[in-house]
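Student: Can we go through the labels people put on a structure like this? I'd like to see how each one is earned.

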Amino acid sequence: MDDFFIDLKKRLVKAIELDFTNIKKMIGNEKIYALSFVTDSDTVSLFLAVNTNEFLEKKNNEDDSQDNELFAQFAEYFPEKFDELDNITYDTKWIPAEWGYSNNDLKHSEMALIVPKLFEKGSTLDSQELPLFQRLFFECLTSTLQTLIKKGVFIDNNQEITIFISISDDERTEEIENFSAKILNSEEIYNKFSKRYN
């Protein structure tokens, strides 16, 4: 299994460098604030998500507009409950599935060529092999990102980017995000990120 992850890391480093360069071309002059590797509970899928300050502002404004319409309809039928909903806001800043850009948006994603091999390997494991596979998988992702950070791949407009690993629809999401963010970012960036839901 070690050989699989050694090869996976080599391929990911090359693929992410190319895909991130192409994502930056697609983004243009927008300012990137965060980047995340996103997997699933079975750790057999993987994509690179990126978001910008500009996309975040646009997305949150669209969501606010939709929320206002829903709240108005709700208030019409349940006026006594409307005050409870009035202060709810939905911020997509740290939810990679809601972000504006990913390798899946590219016509030719190098990373997308790797995922079938990951799926093939991960989907053949039995329940005893899975914990070791998942541990090595997250170590591989962290090591890949560390290599790319050292190479200066994620520098954008002299702005420090928050980098983390996420796992969709899983009770471990916050734990994995925080653990990876602590390893991959400066102490200052990590401290801000770790308080994102406070």
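**Earning the labels**

Tutor: Sure, and keep in mind that this is a predicted model. Let's start with Glu139, which has a relative accessibility of 42%.

Student: So what makes Glu139 partly exposed?

Tutor: Buried needs under 20% and exposed needs over 50%. Glu139 sits at 42%, in between, so it counts as partly exposed. Arg135 gets that label too, because its 45% also falls in that range.

Student: Why are Glu139 and Arg135 called a salt bridge?

Tutor: The cut-off is 4 Å from a side-chain nitrogen of Lys or Arg to a carboxyl oxygen of Asp or Glu. Here the N to O distance is 2.9 Å, so the pair qualifies. Both residues lie in helix α5 (residues 130-150), four residues apart, about one turn of the helix.

Student: How many salt bridges turn up in the whole structure?

Tutor: The search finds six. Another one joins Arg172 and Asp170, with the closest N and O atoms 2.9 Å apart.

Student: Is Asp170 buried or exposed?

Tutor: Buried: its relative accessibility is 17%, and the limit is under 20%, so the label follows. Its partner Arg172 has 26%, which is past that limit but not over 50%, so Arg172 is partly exposed.

Student: And how do you know that Lys192 and Glu188 form a salt bridge?

Tutor: Their N to O distance is 3.6 Å, and that is within 4 Å, so they pass. They are four residues apart in helix α7 (residues 187-194), which means about one helical turn separates them. Lys192 and Glu188 are both exposed.

Student: Let's turn to helix packing. What is the angle between α1 and α4?

Tutor: Helix α1 (residues 2-27) packs against helix α4 (residues 110-122) at about 155°, and their axes are 8 Å apart.

Student: Why is α1 called roughly antiparallel to α4?

Tutor: Angles over 145 degrees count as roughly antiparallel. At about 155°, the pair is over that mark, so the name fits. The crossing of α1 and α4 is left-handed.

Student: Which residues make the contact?

Tutor: On α1 they include Phe4, Leu8, Leu12 and Ile16, and on α4 they include Met111, Leu113, Ile114 and Leu118. Charged residues take part as well, among them Arg11 and Asp19 of α1 and Lys117 of α4. In the contact of α1 with α4, 10 residues are nonpolar, five are charged and none is polar.

Technical notes
Residues numbered from 1 in each chain as written. Predicted model: local features only at pLDDT ≥ 70, side-chain atom pairs only at ≥ 80, totals over all residues. Heavy atoms only, no water. Helix = DSSP H or I, 4+ residues; strand = E, 2+ residues; numbered from the N terminus. Buried < 20%, exposed > 50% of the residue type's maximum accessible area, 1.4 Å probe, protein only. Axes fitted to C-alpha atoms, helices over the stretch in contact; angles between N-to-C directions. Parallel < 35°, antiparallel > 145°, perpendicular 65-115°, else oblique. Left-handed = near helix turned anticlockwise from the far one by under 90°. Contact = heavy atoms within 4.5 Å.
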